[in-house]
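Colleague: I would like to go through this model with you piece by piece, and I would be grateful for the cut-offs behind each term as we meet it.

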Amino acid sequence: MQNVTDILSDEHRNIMGVIELILNECEEIEKGKAIDAAFFEQAIDFIKNYADKFHHAKEEDILFIAMLENEDCMHCNPVPVMLHEHEEGRDFVRGMEDGLSGSDKEKVIENARGYSFLLMDHIYKEDHILYPMAEQAIPEEEKEKILLQYDAVLKEHNTGGRISSYLNLLARA
Ligand SMILES: [Fe+2]
Ligand SMILES: [Fe+2]
């Protein structure tokens, strides 16, 4: 039996690793550390390109579409809420960028924590509610196609080992 969400749950673990680094950094700033602009630039690059363009694109353009096509097989439709949360995440990232460019510690911390707590909750809901629903609702014959589409997304985003290089940030942990 094919499983189309394990690969996405594995990516969640990487995103959670970066969130842990972000929360630690916020704590350090509150204790008096100056904003480490290089760290935040790397973290934002990871969020935009790995968490959003790579991971969320697979959800939004592939998995969620397949779920909506099989909506009759679901007792409720969690996809609109998940999409809304992806948008909220993007707002927090814009807030972090504004905070960084204005060297506004409060704003950086507020938006970095906002993003982190939103994503922790979002990832919990996907791992425990949405992904199990997807595995049930999507017919087996469609799952093989989905895995091929994921491969295409990886090829598209991994030029020059770009995706693997995002994980370097985690080496700081
Ligand atoms: Fe998501
Ligand atoms: Fe996700």
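**Helices and a two-iron site**

Colleague: How far does helix α4 (residues 105–137) reach from its first C-alpha to its last?

Modeller: Helices here are DSSP runs (H or I, at least four residues), numbered from the N terminus, and α4 has 33 residues. The expected span of a helix is 1.5 Å times one less than its number of residues, which gives 48 Å for α4. Close to that expectation, the helix reaches 45 Å.

Colleague: What pLDDT do local features need in this model?

Modeller: Residues are numbered from 1 along each chain as its sequence is written, chains are lettered from A and ligands numbered from 1 in the order in which they are written, and side-chain values use heavy atoms, with hydrogens and water left out. The model is predicted, and while totals for chains, interfaces and linings use all residues and side-chain atom pairs count only at pLDDT 80 or more, local features need a pLDDT of at least 70.

Colleague: On which residue is the kink in α4 centred?

Modeller: The bend at a residue is the angle between axes fitted to the seven residues ending there and the seven starting there. In α4 the kink amounts to about 45°. Its centre is E126.

Colleague: Which residue caps the N-terminal end of α4?

Modeller: A polar contact is a pair of N or O atoms within 3.5 Å, one able to donate a hydrogen and the other to accept it within protein, and neighbours in sequence count only if both atoms are side-chain atoms. At this helix end, a side-chain oxygen lies 3.3 Å from the backbone nitrogen of E106. The residue that supplies this oxygen is D104.

Colleague: Why is the arrangement around the iron ion (ligand 2) irregular?

Modeller: Donors are N, O and S atoms within 2.8 Å of the metal (3.2 Å for Na, K and Ca), and sites may look incomplete because water is not among the atoms; here they come from H12 (NE2), H55 (NE2), E59 (OE) and E126 (OE), at 2.0 to 2.2 Å. Four donors count as tetrahedral if all angles lie between 85 and 135 degrees, four count as square planar and six as octahedral if opposite donors are over 155 degrees apart and all others between 65 and 115, and anything else is irregular. The arrangement is irregular because the four donor atoms subtend angles of 85 to 166°.

Colleague: How far apart are the iron ion (ligand 1) and the iron ion (ligand 2)?

Modeller: The iron ion (ligand 1) is coordinated by E59 (OE), H86 (NE2), H122 (NE2) and E126 (OE), at 2.1 to 2.2 Å. E59 coordinates both ions, and their separation is 3.2 Å.

Colleague: Is H122 buried or exposed?

Modeller: H122 and E126 both lie in α4, four residues apart, or about one turn of the helix. Buried means under 20% relative accessible area, exposed over 50%, and partly exposed in between (1.4 Å probe, protein chains only). E126 stands at 0%, and H122, with a relative accessible area of 1%, is likewise buried.

Colleague: How many aromatic pairs does a search of the whole structure find?

Modeller: Rings of Phe, Tyr and Trp (its six-membered ring) pair if their centres lie within 6.5 Å, and planes under 30 degrees apart count as stacked, over 60 as edge-to-face and the rest as tilted. The number of aromatic pairs found is three.

Colleague: What is the angle between the planes of F46 and Y50?

Modeller: F46 and Y50 both lie in helix α2, four residues apart, and both are buried. Their pair is stacked, with 4.8 Å from centre to centre and an angle between the planes of 20°.

Definitions and conventions: Helix = DSSP H or I, 4+ residues; strand = E, 2+ residues; numbered from the N terminus.
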